[in-house]
Amino acid sequence: MSIRVAIAGARGKMGAEAVHTVMKHDKMELVAVLDYKEVGKTLADLDMFPASYTVPIFTEMHDLVEATAPDVLVDLTNPHAVYKHTKEALNLNVRPVIGTTGFTDAQLEELSAMAKEKELGCIIAPNFAIGAILMMKFAKEAAKYLPDVEIIEMHHDQKLDAPSGTAVKTAQLIQEVRTSKAQGHPEEKETIEGARGGDFDGMRIHSVRLPGLVAHQQVLFGGDGQLLTIRHDSLNRNSFMSGVAFCIEEVMKMDQLVYGLENII
Ligand SMILES: NC(=O)C1=CN([C@@H]2O[C@H](COP(=O)(O)OP(=O)(O)OC[C@H]3O[C@@H](n4cnc5c(N)ncnc54)[C@H](OP(=O)(O)O)[C@@H]3O)[C@@H](O)[C@H]2O)C=CC1
Ligand SMILES: O=C(O)C1=N[C@H](C(=O)O)C[C@H](O)C1
């Protein structure tokens, strides 16, 4: 039996790739799309998709679920919409696979409690690319030996959240193995506000936004007379798609929320 998939954010850069991925997948069926405004009756009404994509578009999650009974909701929207979508999906017994970044800790805790109570799988993945997951794992390992670390994440200039979800997740993983410490000179002063980046448990995170970039991150470690740099580059959005397909299949086997693909690969 096919997994019935709905996608929120289908007109976006990631969402459009995810639409093609699900449409091509032999074990999945794209049954619906969630939008926040009337853009047509089906995806086929939009110039960006082929005429064969007669997938219905809904503006209310409740109507979407009632009409098309999806197993999984994939959300690739923005930090303002994603929390509501995830809650609505869980309430309606639809398993969320969330790529959208920008959750607060409190939101993650609440969604985790909801998924547990409902015994429903839910995956929140700040990054679907296998190379990025490895970069984070290697950074966590390196931080045990080289605890002075700064993160530089670099993204296209349409990104809404800073720092990136990947940078936050990397810092959280490092925090698990590193004794909290302030870095740099104790008396350092910023003569331009923000020059030293954001402070996460003493680690500095720097966010670069430029046209031309897709999604890139360097984790820099400094030691006595040595430097280690761990870098990952997503050069296109196809780099995320095998992770999206993997999560859609995995979430069907789960009964709780997982935050980060490093927990299930
Ligand atoms: N986990 C991962 O591996 C990755 C995650 N991301 C994350 O995915 C998200 C999307 O990224 P990207 O595709 O680049 O962004 P885009 O801005 O290209 O796409 C977002 C889409 O969502 C639509 N949208 C906004 N609000 C709603 C809503 N309430 N309901 C339905 N659709 C809505 C937007 O429509 P409109 O433009 O008309 O407002 C837009 O088409 C971001 O949070 C990004 O950080 C990105 C890459 C990889
Ligand atoms: O907005 C993006 O593009 C990306 N967002 C995710 C993040 O915030 O980490 C994943 C990837 O870096 C691309």
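Biologist: Hello! Which residues are around ligand 2?

Modeller: Thr101, Pro126, Asn127, His155, His156, Lys159, Asp161, Ser164, Gly165, Thr166, Ala215 and Phe240 are around ligand 2; a residue is near a molecule if one of its heavy atoms lies within 4 Å of it. This is a predicted model, where local features need pLDDT of at least 70 and side-chain atom pairs count only at pLDDT 80 or more, while totals for chains, interfaces and linings use all residues. Residues are numbered from 1 along each chain as its sequence is written, chains are lettered from A and ligands numbered from 1 in the order in which they are written, and side-chain values use heavy atoms, leaving out hydrogens and water.

Biologist: What makes the pair between His155 and ligand 2 a polar contact?

Modeller: A polar contact is a pair of N or O atoms within 3.5 Å. An N or O atom in the His155 side chain is 2.6 Å from an oxygen atom of ligand 2, so the pair qualifies. Thr166 has a polar side-chain atom 2.5 Å from a ligand 2 oxygen, and a backbone N or O atom of Gly165 is 2.8 Å from one. The protein covers 84% of the 320 Å² of accessible area that ligand 2 has on its own (Shrake-Rupley method, 1.4 Å probe).

Biologist: Which contacts does ligand 1 make through Tyr36, Lys37 and Pro126?

Modeller: Oxygen atoms of ligand 1 lie 2.7 Å from a polar side-chain atom of Tyr36 and 3.0 Å from one of Lys37. A ligand 1 nitrogen is 3.2 Å from a polar backbone atom of Pro126. Here the protein covers 81% of the 920 Å² of accessible area that ligand 1 has on its own.

Biologist: How many residues of each class does the shell around ligand 1 have?

Modeller: Nine nonpolar, nine polar and five charged. Around ligand 2 the classes are three nonpolar, seven polar and two charged.

Biologist: Why is the aromatic pair of Phe49 and Tyr53 called stacked?

Modeller: Rings pair if their centres lie within 6.5 Å, and planes under 30 degrees apart count as stacked, over 60 as edge-to-face and the rest as tilted. Phe49 and Tyr53 are 5.9 Å centre to centre with 25° between the planes, therefore they are a stacked pair. The structure holds one aromatic pair.

Biologist: Are Phe49 and Tyr53 buried or exposed?

Modeller: Both Phe49 and Tyr53 are buried (under 20% relative accessible area; exposed is over 50%, partly exposed in between; 1.4 Å probe, protein chains only).

Notes
Polar contact = N/O pair within 3.5 Å; in protein donor to acceptor, adjacent residues only side chain to side chain. Nonpolar A, V, L, I, M, F, W, Y, C, P; charged D, E, K, R; others polar. Phe/Tyr/Trp six-rings, centres within 6.5 Å; stacked < 30°, edge-to-face > 60°.
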